[in-house]
Amino acid sequence: MATVAVPATVAGALVVADAIRKRRNVTEARFPRSEPAAVEVAGTTATIYTYGDDLYQEMLAAIRGARRRILLETYIWKADAVGEEFKQALVDASRRGVEVFVVYDGFANLVVPQDFYSFPDEVHVIRYPAFRPGVLLLNVRKSGRDHRKILVVDDEIGFVGGYNIGALYATQWRDTHIRLEGPSVWELRNAFVDFWNANREHGQPLLADPGSVHWEPRLRAARNAPAHLVFPIRGIYLDAIDRASSHVYITQAYFIPDREILAALLAAAARGVDVRVLVPERSNHVVADWLSRGLYSALLKGGVRIHLYEEAMVHAKTATIDGMWTTIGTANIDRLSLTGNYEVNLEITDAGVAEQMEKVFDVDLSNSRELTLAEWDTRSVVAKLGEVVLTPLRPLL
């Protein structure tokens with residue numbers, strides 16, 4: 001009991017202190033922006049977005065132009081002006097005869113008034129359960145969330161990435177999303193269809209799953225499905241890092257790698273690969289920050305470079321390796337995302353996409369400072385003790 005109670009108490013104190021700090025320091029986030037960039041990948045146009053307002057305008061345009069079907073899945077959906085605009089666009093689409101299917105996570109939106117999710121009967125909605133029984137046993141596989149963010153319109157346009165829906169994310173957070181137009185949109189359509197059909201209630205329509213004649217290994221969706229013990233996202237990271245011979249650039253909101261991923265990064269650095277990890281200096285989850293910091297000593301001593309994003313929350317879940325391999329999606333590098341949540345990441349093997357993502361990484365570095373081992377070693381004894389005390393919580397996040 002003490003093993004759980006002590007770190008839980010420390011975590012609670014950190015959360016309270018962080019909430020007080022945020023109330024006292026309310027400032028508008030400012031950060032450099034990368035313009036949307038389009039790249040052709042085997043007949044599919046892939047456009048990368050790093051600013052929420054740019055992305056939302058494209059998503060809304062796709063919804064308003066829909067002719068047949070809209071599939072929307074999101075983790076957080078705020079009931080603010082941006083959230084209302086998305087809701088109205090979906091309702092308008094259903095009224096003109098478009099089939100509309102919506103999935104949102106119940107737990108992530110507990111603070112949102114439930115009447116916000118009241119839709120006309122012709123809009124089909126799944127609210128992923130707010131509480132699952134596995135939470136009582138601290139079993140992340142049986143208590144994880146639907147953390148995916150997918151939009152597919154008419155099977156022709158698809159979006160996936162880190163952006164939730166809300167005004168905060170439109171201008172105040174740095175995130176990454178990708179838009180697909182072309183045959184590889186099937187990857188996102190199929191991800192939505194499988195989840196819908198597995199979680200729909202009696203009486204809700206079954207979505208057709210006709211398969212695809214399009215086989216394109218350069219652009220694939222890796223989908224974690226914890227209920228079925230399927231966790232490919234962790235595998236694609238391990239495989240790509242093991243292949244790295246030049247550089248590994250990772251951007252993560254919450255970076256708590258397990259032993260195998262940590263070992264792979266250290267092994268890459270040891271063989272001369274330029275391994276860099278960019279994380280927020282202060283994220284919106286203070287406990288995750290502290291758990292991540294508990295690994296900084298090992299990373300820095302092993303030659304991994306850590307860059308701290310300043311003055312704004314970076315929420316992206318991306319990596320690009322050796323100018324050829326890229327992943328953009330919804331999964332963080334932590335146990336919850338890689339073994340507990342429903343997640344989806346695109347795996348893209350294309351030099352053009354990698355080039356664009358390296359440019360994005362360079363822009364982000366301009367708003368970051370590098371943490372050195374010398375600086376890290378001077379942190380207080382209290383900080384070092386806190387990192388040790390919180391270690392038992394690492395498997396839960």
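Which backbone oxygen does the side chain of Arg 148 reach? The backbone oxygen of Ala 191, at 2.9 Å. The views below show this contact and other details of a predicted model.

**View A. Surroundings of Arg 148 in the loop between strand 5 and strand 6.** Strand 5 covers residues 123–128 and strand 6 covers 150–153. Arg 148 has a relative accessibility of 2% and therefore counts as buried, the cut-off for this class being under 20%. Its side chain meets the backbone oxygen of Ala 191 at 2.9 Å. Beyond four places in sequence, Arg 148 touches Glu 73, Thr 74, Tyr 75, Ala 191, Phe 192, Phe 195, Arg 223, Thr 330, Tyr 342, Glu 343 and Val 344.

**View B. Ser 184, between strand 8 and helix 5.** The loop that holds Ser 184 links strand 8 (173–181) to helix 5 (186–199). Ser 184 counts as buried because its relative accessibility is 1%. Apart from neighbours within four places in sequence, Ser 184 contacts Thr 44, His 214, Glu 216 and Leu 219. Asp 155 lies 29 residues away along the chain, with 9.5 Å between its C-alpha atom and that of Ser 184.

**View C. The hairpin of strand 1 and strand 2.** Strand 1 (residues 37–41) and strand 2 (residues 44–51) are antiparallel and share five bridges. Val 39 has Ala 46 of strand 2 as its bridge partner. Two residues stand between the strands, and Ala 42 adopts a positive phi near 50°. In a regular strand, side chains alternate between the two faces of the sheet. In strand 1, Ala 37, Val 39 and Val 41 make up the covered face, while Ala 38 and Glu 40 are on the uncovered one.

**View D. The open sheet of eight strands.** The strand order is 9-16-15-14-10-11-12-17, with mixed pairing. Strand 9 (219–224) and strand 17 (368–371) are the edge strands, each paired on one side only. On average, neighbouring strands are turned by 20° against each other, direction ignored. Helix 6 (residues 232–243) packs on this sheet and touches strand 9, strand 10 (247–252), strand 14 (317–321), strand 15 (325–329) and strand 16 (343–349). The direction of helix 6 makes about 130° with that of strand 9.

**View E. Pairing of strand 12 with strand 17.** Strand 12 (residues 305–309) runs antiparallel to strand 17, and four bridges join the two. Within this pair, Ile 306 is placed opposite Leu 371 of strand 17.

Methods
Residues numbered from 1 in each chain as written. Predicted model: local features only at pLDDT ≥ 70, side-chain atom pairs only at ≥ 80, totals over all residues. Heavy atoms only, no water. Pairing = 2+ DSSP bridges. Axes fitted to C-alpha atoms, helices over the stretch in contact; angles between N-to-C directions. Contact = heavy atoms within 4.5 Å. Buried < 20%, exposed > 50% of the residue type's maximum accessible area, 1.4 Å probe, protein only. Polar contact = N/O pair within 3.5 Å; in protein donor to acceptor, adjacent residues only side chain to side chain.
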